[in-house]
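Visitor: I would like to be walked through this model, with each label set against the rule behind it. Could we begin with the overall layout?

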Amino acid sequence: MLVSILRGRRYFLLYLRPIINGTGNYYVEVRDRSLGRTDIIIDYRGEQFIVETKIWRGNEYHLRGNVSLQII
């Protein structure tokens, strides 16, 4: 499972690098203020974007995740 996460992140970064080349940076596994972790933070042309990568486990799992986010 961890291998799948790392492989997916690596493929995403291979796609991202040419886009931000020379105009931005990215940081992997960054600590946030609540001492949690964020997968990737991208600085691009003066803006910051947070990317949280997940493994697709099917639509039912996805819907349960959406419900738990709405509760927060």
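Guide: Read from the N terminus, the elements of the protein chain follow the order α-β-β-β-α, that is, two helices and three strands, where helices (H or I, at least four residues) and strands (E, at least two) are DSSP runs numbered from the N terminus. This is a predicted model, in which local features need pLDDT of at least 70 and side-chain atom pairs count only at pLDDT 80 or more, while totals for chains, interfaces and linings use all residues. Residues are numbered from 1 along each chain as its sequence is written, and side-chain values use heavy atoms, with hydrogens and water left out.

Visitor: Why does D43 count as buried or exposed?

Guide: Buried means under 20% relative accessible area, exposed over 50%, and partly exposed in between, with a 1.4 Å probe and protein chains only. D43, a residue of strand β2 (residues 37–44), has 19% relative accessibility and therefore counts as buried. Of the 72 residues of the protein chain, 15% count as buried.

Visitor: What makes D43 and Q48 a polar contact?

Guide: The term requires a pair of N or O atoms within 3.5 Å; within protein, one must be able to donate a hydrogen and the other to accept it, and residues adjacent in sequence count only if both atoms are side-chain atoms. The side chains of D43 and Q48 are joined at 2.8 Å, and the pair is listed as a polar contact. Leaving aside residues up to four places away in sequence, D43 touches T23, G24, N25, Y27 and Q48, contact here meaning heavy atoms within 4.5 Å.

Visitor: Why is R45 called buried or exposed, and what is its phi?

Guide: R45 is found in the loop between β2 and β3 (47–51), and because its relative accessibility is 62%, R45 counts as exposed. Its phi is positive, at about 50°, although R45 is not a glycine. Most residues other than glycine have a negative phi.

Visitor: How do you know that D39 and R9 form a salt bridge?

Guide: The rule asks for a side-chain nitrogen of Lys or Arg within 4 Å of a carboxyl oxygen of Asp or Glu, and the closest N and O atoms of D39 and R9 are 3.8 Å apart, so the pair meets that definition. This salt bridge links distant parts of the chain, with D39 in strand β2 and R9 in helix α1 (residues 2–20), 30 residues apart. Both D39 and R9 are buried.

Visitor: How many salt bridges does a search of the whole structure find?

Guide: The search finds one.
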